[in-house]
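Thanks for coming. I will go through one structure, and I will take it a piece at a time. Please keep the sequence and the model open while I talk.

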Amino acid sequence: MVAITAENHVSGQFVNATNWTRRYQRNNKRSGLKNLRCFPYCSDSHRLRGFCGRSVLFKFKGNSNISKKIFSWAEFRKVVTLDDTRKAKEEEPGVQVGQILTAKEVEDRTRTKDDAFKPWYGGEPVGGNQARSNDTIVFEFNKNKKGWNYGWVANKHTCDSEHVLRSYIFEQLDESTFKCIFALDSPRFTLFCRRRQRQNLADLPVQLRKQLEMQQ
């Protein structure tokens, strides 16, 4: 895991990140959603149908210099390579530490029950809103386990690209503005579509590997 950068000597970590795997199957739903299977790792027992996976927990440790309430959002990001930086067309960069967003800008990015295509997953503080002022806060993303949609579009030249789940920590400056003070990337992983490839099975979670082997 790589910290993008930080302010005020704060830190963070994805809880149980060692359980994450290196490759995930991504399914194309009829609704247009592209959901990751078994992300970040399987439920208590692997489920062949429906949602299989868990919510993601992120632990943030602040310091006494932070007096405002803390919020967190996360989004999937493609890892930028040297070749990407040489291309004329750049994908939209992620939020930078120190950047200030309005409440409307945050709302426009955040996934809701009525719009699951938006890229940001809101982090719910474990312990309720009163925990936002604690020095150490654990945020839970996708608490209701509504599927891990990632709308990135692949092609034959980018199918082996690496990806991360990036967590952003924001300090609420006032009712209408938030300042990003920390960002951290999850362990890197790649994606595959079951219809396109069944190779490199050794890299898959045990349950998913067995499932694909039976289908060959």
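Start with Q99, which sits in the loop between α1, residues 82-86, and β7, residues 100-102. This is a predicted model, so every value I give is computed from it. Is Q99 buried, exposed or partly exposed? Its relative accessible area is 29%, so Q99 counts as partly exposed. Which residues does Q99 contact, once we set aside its neighbours within four places in sequence? They are G94, F178, K179 and C180. There is also a pair to look at for distance: Q99 and F170 are 71 residues apart in sequence, yet their C-alpha atoms are 9.4 Å apart in space.

Next, the sheet. Four strands make up an open sheet, and their order is β10-β4-β3-β13, with mixed pairing. The edges are β10 and β13, the latter being residues 190-192; each has a single partner strand, so one side of each has no neighbour in the sheet. Further in, look at β3, residues 23-28, and β4, residues 34-36. These two strands run antiparallel, and three bridges join them. As one example of bridge partners, R26 is matched with L36 in β4.

Now go back to the edge strand β10, which covers residues 148-149 and contains N149. N149 has a relative accessibility of 8%, and therefore counts as buried, because the cut-off for buried is under 20%. What does the side chain of N149 reach at 3.5 Å? That is the backbone oxygen of A116. If we leave out residues up to four places away in sequence, N149 touches L33, K34, N35, F76, R111, A116, F117 and Y121. So A116 turns up in that contact list too, because its backbone oxygen is what the N149 side chain reaches.

Last, the cysteines. A disulfide is a covalent bond between the sulfur atoms of two cysteines. How many disulfides does a search of the whole structure find? The count is zero. Take C38 and ask why it has no bond: the closest cysteine sulfur belongs to C42, and at 3.6 Å it is too far away, because a disulfide needs the two sulfur atoms within 2.5 Å. C38 is also buried, at 1% relative accessibility. Another cysteine, C193, is at 18% relative accessibility and counts as buried as well.

That is the end of my part.

Notes. Residues numbered from 1 in each chain as written. Predicted model: local features only at pLDDT ≥ 70, side-chain atom pairs only at ≥ 80, totals over all residues. Heavy atoms only, no water. Buried < 20%, exposed > 50% of the residue type's maximum accessible area, 1.4 Å probe, protein only. Polar contact = N/O pair within 3.5 Å; in protein donor to acceptor, adjacent residues only side chain to side chain. Contact = heavy atoms within 4.5 Å. Pairing = 2+ DSSP bridges.
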